[in-house]
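Grab a coffee and open the viewer. Here are some short exercises to work through, each with a solution you can check by eye.

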Amino acid sequence: MEAWQGIIKRYRKYLSVTDKTPVITLYEGNTPLFKSDNLSRFLHQDINLYFKYEGANPSGSFKDRGMTLAISRAVEADAKAVICASTGNTSASASAYAAKAGIAAIVLIPEGQIATGKLAQAMIHSARVLQVEGNFDEALEIVKQLVKKHPVTLVNSINPYRLEGQKTAAFEVCDALGAAPDHHALPVGNAGNITAYWRGYSEYKKAGIIRSLPKMIGFQAAGAAPIVLGRPVEKPETIATAIRIGNPASWKNAVAARDESGGRIDAVTDEEIIDAYKLISSKEGVFCEPASAASLAGVIKLSKEGYFRDGETVVCTLTGNGLKDPDTALNVSAKPVRVKADVSEIENLLEDIL
Ligand code: F0G
């Protein structure tokens with residue numbers, strides 16, 4: 001088999017590219033789908049749980065799938081610069097792909113509200129980083145105004161190529177399982193990804209590759225749950241900064257994905273998110289970022305209600321890599337113990353294990 005060369009090469013016929021499109025890729029996609037072995041006692045029902053680990057993408061999040069296509073098409077259209085508002089991952093991804101393409105990236109981030117690793121990524125890729133004294137929703141509004149006035153390409157998920165690229169994650173899940181799962185769980189922020197997965201599953205069904213469709217289940221943080229509440233949230237708050245969004249751009253599409261699939265969009269508290277975040281890392285050996293854990297938090301919550309049926313397959317997307325947010329990991333973990341460089345002192349401390 002040929003070595004993996006990114007999602008455009010692999011899924012070309014499902015994507016709007018031509019022979020003239022210059023493919024800007026960092027070999028994104030082909031991320032692991034693995035079965036959860038150690039969480040059954042935390043789930044209240046007997047389901048087959050899988051994780052799609054998108055933190056394994058080159059910039060550490062699912063955004064790379066959309067960015068390869070958005071940046072390739074921008075370069076094809078002769079763009080010299082791209083711009084986005086971001087809670088961190090879109091800016092990291094846009095900066096990386098713009099660097100690869102040799103074009104400028106401008107990123108607007110909410111001041112003090114993005115994880116350290118994500119900020120570091122945008123900076124080291126030499127993007128123009130603007131910390132806006134406001135939240136994500138305000139930054140996105142500004143970006144929308146700027147692109148009306150200036151020749152710079154918007155690469156937020158309102159750029160249609162972004163969702164088109166992101167739908168390939170659903171293709172990969174089906175290719176790996178040989179069918180669609182019964183349920184697909186995702187964190188919901190700007191609501192693009194749930195829209196993209198639903199599109200991916202629907203297109204695979206139309207193409208005759210899968211026979212059934214999953215129910216799409218999305219989870220917002222309780223302090224940033226506009227879709228659940230049915231109205232925008234002016235001051236969204238959550239520890240999961242990636243999904244700290246009060247007025248999602250793809251709101252209507254997410255509701256359509258929920259309703260057409262017969263799924264659900266619900267809220268999970270920060271406490272539930274952090275519990276799930278710790279479970280995934282301590283029991284499954286996978287380090288995702290807090291927002292990513294909203295998918296598992298939601299599945300645990302629904303399993304308590306008896307939402308699933310025994311034996312059903314549930315895939316949770318872990319949207320981003322835990323290394324992006326070391327501060328939260330340190331804050332919620334036991335502190336390292338300081339000890340003298342002495343064997344017997346160390347033995348004493350480790351009595352319970354040794
Ligand atoms: N998980 C992570 C790690 C994210 O970074 C995001 C969104 C989501 C989930 C939610 O996905 O917006 O498609 O519903 N991050 C965007 C950003 C908003 O700017 O990086 P969504």
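The exercises below go from a sheet to a helix, then to a loop residue and the ligand. Keep in mind that this is a predicted model.

**Exercise 1. Work out the strand order of the open sheet and say which strands stand at its edges.**

Step 1: Trace the four strands across the sheet, and you get β5-β4-β3-β6, with parallel pairing.
Step 2: Look at the ends of that order. β5 (128-132) and β6 (153-154) each have a single partner strand, so one side of each has no neighbour in the sheet.
Step 3: Zoom in on one pair. β4 (residues 104-110) runs parallel to β5, and five bridges join them. L108 sits opposite L130 in β5.

**Exercise 2. Find the helices α3 and α5 that pack on this sheet, and state which strands each touches.**

Step 1: Start with α3 (residues 89-101), which touches β3 (81-85) and β4. Its direction makes about 170 degrees with that of β4.
Step 2: Now take α5 (residues 136-149), which touches β3, β4, β5 and β6. Here the angle is about 150 degrees, taken against the direction of β3.

**Exercise 3. Decide whether α3 is mostly covered or mostly open, and list what covers its buried residues.**

Step 1: Count the buried residues, using under 20% relative accessible area as the cut-off. You find 10 of 13, so α3 is mostly covered.
Step 2: Name some of them: the buried set includes N89, S93 and Y97.
Step 3: See what lies over them. The cover includes α2 (63-76), β3, β4, α4 (116-124) and α6 (160-166).
Step 4: Check the length too. From first C-alpha to last, α3 reaches 18 Å, close to the 18 Å expected. After the helix comes G102, with a positive phi near 75 degrees.

**Exercise 4. Place A127 in the fold and say whether it is buried or exposed.**

Step 1: Locate A127 in the loop between α4 and β5.
Step 2: Its relative accessible area is 13%, so A127 counts as buried.
Step 3: Leave out neighbours within four places in sequence, and A127 contacts S95, A105, V107 and A122. S95 is also one of the buried residues of α3.

**Exercise 5. Pick out the residues that come nearest to the ligand, then look at its polar contacts.**

Step 1: There are 19 residues around the ligand, and the nearest are S86, N89, N190, A191 and T319.
Step 2: Check a side chain. An N or O atom in the side chain of K63 is 2.9 Å from a nitrogen atom of the ligand.
Step 3: Move to the backbone. A backbone N or O atom of N190 is 2.7 Å from a ligand oxygen atom, and a polar backbone atom of G192 is 3.1 Å from an oxygen atom of the ligand.

Definitions and conventions. Residues are numbered from 1 along each chain as its sequence is written. This is a predicted model: local features need pLDDT of at least 70, side-chain atom pairs count only at pLDDT 80 or more; totals for chains, interfaces and linings use all residues. Side-chain values use heavy atoms; hydrogens and water are left out. Two strands pair if DSSP finds at least two bridges between them. Helices (H or I, at least four residues) and strands (E, at least two) are DSSP runs, numbered from the N terminus. Contact means heavy atoms within 4.5 Å. Axes are lines fitted to C-alpha atoms, for helices over the stretch in contact, and angles run from 0 to 180 degrees between N-to-C directions. The expected span of a helix is 1.5 Å times one less than its number of residues. Buried means under 20% relative accessible area, exposed over 50%, partly exposed in between (1.4 Å probe, protein chains only). A residue is near a molecule or strand if one of its heavy atoms lies within 4 Å of it. A polar contact is a pair of N or O atoms within 3.5 Å; within protein, one must be able to donate a hydrogen and the other to accept it, and residues adjacent in sequence count only if both atoms are side-chain atoms.
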